[in-house]
Amino acid sequence: MRGKLTQNTTTSMNQAFTPTAVNCDISAENRQFYADVVAGLQAEPKHLNSKYFYDANGDKLFQELMNCPEYYPTNCELEIFSEKTAEICDALIADGDAFDLIELGAGDATKSSYLLKYLLDKKADFTYLPIDISDNVISYLNITLPVTLPGLKITGLNGEYFEMLNKAAAISPRRKVVLFLGSNIGNMPLDGAIEFCRELRNNLSEGDMVLIGMDLKKDPRVILAAYNDKDGITREFNLNLLRRINRELHANFDISKFEHYPTYDPETGACKSYLISLQDQQVSIGNEKIDFKKDEYIYMEISQKFTLMQTDQIAINTGFQPVGQFFDTKKWFIDAVWVAA
C-alpha cells in the first residue's frame with residue numbers, strides 16, 4: 001500500500017468474475033466504480049480495487065499515512081532524495097538532452113520536488129508531467145508548483161498510467177524519464193509487478209529511463225507495524241472506501257461492523273490488508289444485495305516487499321537494464337535506475 005496504483009493488473013482473481021449490470025440510479029461518472037465494486041464483492045473471495053481509495057478524504061488520509069511514524073518508507077525514500085539529489089539528477093540528465101520527467105502517482109510531489117529544484121538550478125531542459133488518478137492532486141500541482149518552483153514547465157495529467165503515458169508521448173517526442181516512487185510497484189502481487197513493468201517498457205522507447213522505488217525485505221515486525229499504526233490511520237484509510245461507497249453508490253455499509261486486519265508473510269514478502277466482517281450481515285449497494293458471513297474478509301490491498309536480487313531480476317526480465325542504485329542509510333529502501341533496452 002501507500003502508492004497510488006491506478007492500473008488494473010491481470011491476475012487470476014480479476015479474471016474470475018464478470019462485472020454486473022450498472023444500476024440506473026448511479027450517476028454516469030460513477031458507473032464504472034459501481035460495476036467494479038459490485039463485481040468485486042460478488043466474487044470469491046471478495047475484494048475491492050485500491051484505486052478507489054482516493055476521494056478527497058482518501059487523499060487527506062493518504063497524506064497522513066505518509067507521515068505516520070511507523071511508516072518508514074516515506075522517510076527512507078525522502079532521505080535518498082534529499083541526500084543524493086545531485087547523483088540521482090546526474091543519472092537522469094544523462095547526455096544532457098531535453099527530456100520529459102513523468103511521475104506516475106505524483107501525490108504532493110514532496111520527494112520529486114528535490115529533483116525538480118535541482119534540475120531547474122542546473123538549467124536542465126525538461127518538462128514535468130505528473131500523472132495521478134486524483135483530479136484533486138493534479139489541480140493542486142498545476143496551481144502550486146509553478147509558484148514554489150518558478151520557471152518550472154508543468155503539464156499535469158489526470159488519469160490512469162498507461163493511458164496518460166500515451167498522451168505524454170503524443171505531447172512531445174522527447175526522451176522520457178519516468179518516476180515511479182513510494183514503492184508503488186509493491187501495490188500488486190509479484191507476477192502483477194512483472195507484468196506492469198513489461199507493459200511500462202512497451203510504452204517507452206529504447207534509451208528512456210525509469211527511476212523506481214522498491215521497499216526491501218527487513219524485520220517482519222517493522223513491516224507489519226507500518227500497516228497497523230497505533231493511531232489507526234491505516235484502519236481509517238481502508239474503512240474510508242466503504243464510506244465512499246455509501247455516499248456515491250447508495251450503499252448502507254455499517255462501518256462499525258467491519259475491522260481492519262493486516263498480515264505480512266516474510267517468505268513471499270507480501271503485506272496484505274483486509275476488512276473483516278464482524279457478524280453475519282447483508283449490505284445493499286444500489287439494487288444489489290451483498291451477503292457477508294461472520295469473519296468473512298474483503299481483500300483490500302497488497303504491499304509487496306522485495307529482495308535486492310529481485311529488483312535487478314525484474315528489470316532484466318521486463319526489458320530494462322539496471323544501471324544505478326540509491327539506498328537510505330539503513331538499506332531498507334532502494335531507488336533503482338533502469339534504462340529501456
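This briefing covers the domains, sheets, helix packing and two backbone details of one protein chain. The model is predicted. The chain is divided into domain 1 and domain 2, and their C-alpha centres lie 28 Å apart. One open sheet has 4 strands, and another open sheet has 7 strands.

**Domains and annotation**

- Domain 1 takes in residues 30-37, 44-67 and 222-304, while domain 2 takes in residues 72-216 and 307-340.
- Where the two domains touch, 14 residues of domain 1 are in contact with 16 residues of domain 2.
- An unreviewed UniProt entry lists residues 34-338 as "domain: Histidine-specific methyltransferase SAM-dependent".
- That span, residues 34-338, is 41% helix and 26% strand, and its end C-alpha atoms lie 37 Å apart.

**The 4-strand sheet**

- The strand order is β1-β11-β8-β7, in an open sheet with mixed pairing.
- β1 (46-47) and β7 (258-265) are the edge strands; each has a single partner strand, so one side of each has no neighbour in the sheet.
- β1 and β11 (residues 297-304) run parallel and are joined by 2 bridges.
- H47 has Y299 in β11 as its bridge partner.
- Helix α10 (residues 233-249) packs on this sheet, where it touches β7, β8 (270-277) and β11.
- The direction of α10 makes about 125 degrees with that of β7.

**The 7-strand sheet**

- This open sheet has the order β4-β3-β2-β5-β6-β13-β12, and its pairing is mixed.
- The edges are held by β4 (157-158) and β12 (320-327); each has a single partner strand, so one side of each is left without a neighbour in the sheet.
- β6 (residues 209-215) pairs with β13 (residues 333-340) in the antiparallel sense, over 7 bridges.
- Within this pairing, V339 in β13 is the residue opposite M209.
- Helix α5 (residues 110-121) packs on the sheet and touches β2 (99-104), β3 (126-132), β5 (175-180) and β6. The direction of α5 makes about 165 degrees with that of β3.
- Helix α8 (residues 190-202) also packs on the sheet, touching β2, β5, β6, β12 and β13. The direction of α8 makes about 115 degrees with that of β12.

**The α3 and α4 helix pair**

- The axes of α3 (residues 72-83) and α4 (residues 85-93) come within 5 Å and cross at roughly 75 degrees.
- Angles of 65 to 115 degrees count as roughly perpendicular, and α3 and α4 are therefore roughly perpendicular to each other.
- On the α3 side the contact is made by I80, F81, S82 and E83, which meet T85, E87 and I88 in α4.
- Sorted by class, this contact of α3 with α4 has 3 nonpolar, 2 polar and 2 charged residues.

**Backbone details in loops**

- Most peptide bonds are trans, and most residues other than glycine have a negative phi.
- The peptide bond from E44 to P45 is cis, with omega near 0 degrees.
- P45 lies in the loop between α1 (31-42) and β1.
- H250, a residue other than glycine, has a positive phi, near 55 degrees.
- H250 lies in the loop between α10 and β7.

Key
Residues numbered from 1 in each chain as written. Predicted model: local features only at pLDDT ≥ 70, side-chain atom pairs only at ≥ 80, totals over all residues. Heavy atoms only, no water. UniProt positions renumbered as here; feature names shortened; annotations may be inferred. Pairing = 2+ DSSP bridges. Contact = heavy atoms within 4.5 Å. Axes fitted to C-alpha atoms, helices over the stretch in contact; angles between N-to-C directions. Parallel < 35°, antiparallel > 145°, perpendicular 65-115°, else oblique. Nonpolar A, V, L, I, M, F, W, Y, C, P; charged D, E, K, R; others polar. Domains from an automatic or database assignment.
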